[in-house]
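Here are my notes on the model you sent. Please read them with the structure open.

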Amino acid sequence: MSKHIVFSGNNAWGMWNFRSILIKHFVDKGFRVTVTAPCDEMYFKKFEDIGCDTYDMPIDAKGINPLADLCLILNYKKMFKKLNPDLSITYTIKPNIYASIAAESLGIKYLPITTGLGYTFLAEGIVSRIARILYKYAFRKAEQVWFLNKDDIISFKEAKLVADEKIVQLYGEGVDTRHFSMSPLPTDELIFLLIGRMLKDKGVVEYVDAARMLKKQYSNVRFQLLGAVWPDNPAAITEEEIRTWEREGIVEYLGRTSDVRIYIEKAMCVVLPSYREGVPCTLMEAASMARPLVATDVPGCHEVVVDGYNGFLCEAKKSEDLAAKMEKVILMSQEERVKMGANGRQLMIDKFDIKHVIAQYETTFNNLGI
């Protein structure tokens, strides 16, 4: 009988966009795989088409209702009793905490993967303190606890939330360097591109401010935004705000897409002025396509960007510094930009290629007898 792995996240879109290659790999290897998340018919269908089972697990990702969270633990226990998997792998805060508690109570092996520390963890207050207590309880009997960057490891160590011997670093969730292949740098237009959900935490406002500054001196440079509006998030940028920026002639909003490559190909540089990340896929994908990067010197981003080598790092929440680093890219020669892009692609191949991520999962499964 094939081994059964359950992969759980807080939305099906993220599970597909960040982990579908990994999940398909294990389906193809003969594992029985179930993906759990709140039902999303389009993405559930995509998983089912590659041979996965799906399980609807309603989650209010931003909610802090204790009764709802207790129900979530019970729902995970119900699922685990029905599926009886050999291993539970979880991503994002609520699955990491509540699926882990449920799995431990049933004696199921579990592996939480901390993809980034959200506002709930980082903010000071009662909610943050409760989150830390829950993390410590949930992770105490995990097989291992994986983190995407060293800064998050340090935060958990300092708070004494996980035993040192359980900590493992995974270098991002991987990029398919064949799919995101090297693309010649455009010679006709100078286009900056920010890819991400339209949230203040992604540095969208600072990017627009920096574009406004640069437009005064470099009228021929274009600034684009690509990504979904996310109205349910407290940090959401509204469509009206974006339309106002467009009417000012500062940025072009490209909407959302199922294939970012066509937009990266046209860009001279990809920018992510985020306040904090796990390890951002958009930067890895752009680097894999040999694009220079500009990003904030924060956890996650400075894992991917080596300052002066494959891009430039700037201070978080500082529009002036962001504009200065973007201006450096404008003033570089085409040969210098090409070299910087090539450096980034080589870094992705050497350190962040999806094959390295898959190998780490496979080694761990073997060690766990899965």
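1. A definition is needed before the points on exposure: a residue is called buried under 20% relative accessible area, exposed over 50%, and partly exposed in between. Arginine 140, at 38% relative accessibility, therefore counts as partly exposed. Note also that this is a predicted model.

2. Arginine 140 is worth following further. Its side chain meets that of glutamate 104 in a salt bridge, with an N to O distance of 3.4 Å. Arginine 140 sits in the loop between α6 (126–139) and β6 (145–147), while glutamate 104 belongs to helix α4 (residues 93–105), so the pair ties together parts that are 36 residues apart in sequence. The two residues are also linked with Lys141 in a network of salt bridges. A search of the whole structure finds 18 salt bridges.

3. A second salt bridge joins the side chains of arginine 222 and glutamate 252, at 2.8 Å from N to O. Because arginine 222 lies in strand β9 and glutamate 252 in strand β10, the pair ties together parts that are 30 residues apart in sequence. Arginine 222 is partly exposed at 25% relative accessibility, and glutamate 252 is partly exposed at 26%.

4. The same two strands are joined through the backbone pattern as well. Strand β9 (residues 222–226) runs parallel to β10, and two bridges join them. In one pairing, leucine 225 has tyrosine 253 of β10 as its bridge partner.

5. Which strands make up the open sheet, and in what order? Six strands form it, in the order β10-β9-β8-β11-β12-β13, with parallel pairing. The edge strands are β10 (252–253) and β13 (311–314), each of which pairs on one side only. Strands of a sheet pair through backbone hydrogen bonds, either parallel or antiparallel. Helix α8 (residues 204–215) lies across β8 (191–195), β9 and β11 (269–272), and runs at about 165° to β9.

6. A salt bridge within a single helix is formed by the side chains of aspartate 49 and lysine 45, at 3.0 Å from N to O. Both residues lie in helix α2 (residues 41–49), four residues apart, about one turn of the helix. Aspartate 49 is exposed, with a relative accessible area of 53%, whereas lysine 45 is partly exposed at 45%.

7. Is arginine 337 buried or exposed? Arginine 337 is buried, with a relative accessible area of 6%. This arginine is found in helix α14 (residues 334–352). Leaving out residues up to four places away in sequence, arginine 337 touches Leu185, Leu190, Met268, Pro292, Val329, Ile330 and Met332. Arginine 337 and methionine 268 are 69 residues apart in sequence, yet 8.2 Å apart in space, C-alpha to C-alpha.

8. Threonine 114 is another buried residue, with a relative accessible area of 1%. Its place is in strand β5 (residues 110–114). Beyond its neighbours within four places in sequence, threonine 114 is in contact with Asn96, Phe139, Val145, Trp146, Phe147, Leu148 and Phe156.

9. On the surface, Leu67, Leu70 and Leu74 make a nonpolar patch of about 310 Å². Leucine 67 is found in helix α3 (residues 66–83). At 57% relative accessibility, leucine 67 counts as exposed.

Methods. Residues are numbered from 1 along each chain as its sequence is written. This is a predicted model: local features need pLDDT of at least 70, side-chain atom pairs count only at pLDDT 80 or more; totals for chains, interfaces and linings use all residues. Side-chain values use heavy atoms; hydrogens and water are left out. Patches are made of residues with over 30% relative accessible area and no salt bridge: like charges are joined within 9 Å, nonpolar side chains (Val, Leu, Ile, Met, Phe, Trp, Tyr) within 5 Å. Accessible areas come from the Shrake-Rupley method with a 1.4 Å probe; for residues, only the protein chains shown count as cover. A salt bridge is a side-chain nitrogen of Lys or Arg within 4 Å of a carboxyl oxygen of Asp or Glu. Buried means under 20% relative accessible area, exposed over 50%, partly exposed in between (1.4 Å probe, protein chains only). Contact means heavy atoms within 4.5 Å. Two strands pair if DSSP finds at least two bridges between them. Axes are lines fitted to C-alpha atoms, for helices over the stretch in contact, and angles run from 0 to 180 degrees between N-to-C directions.
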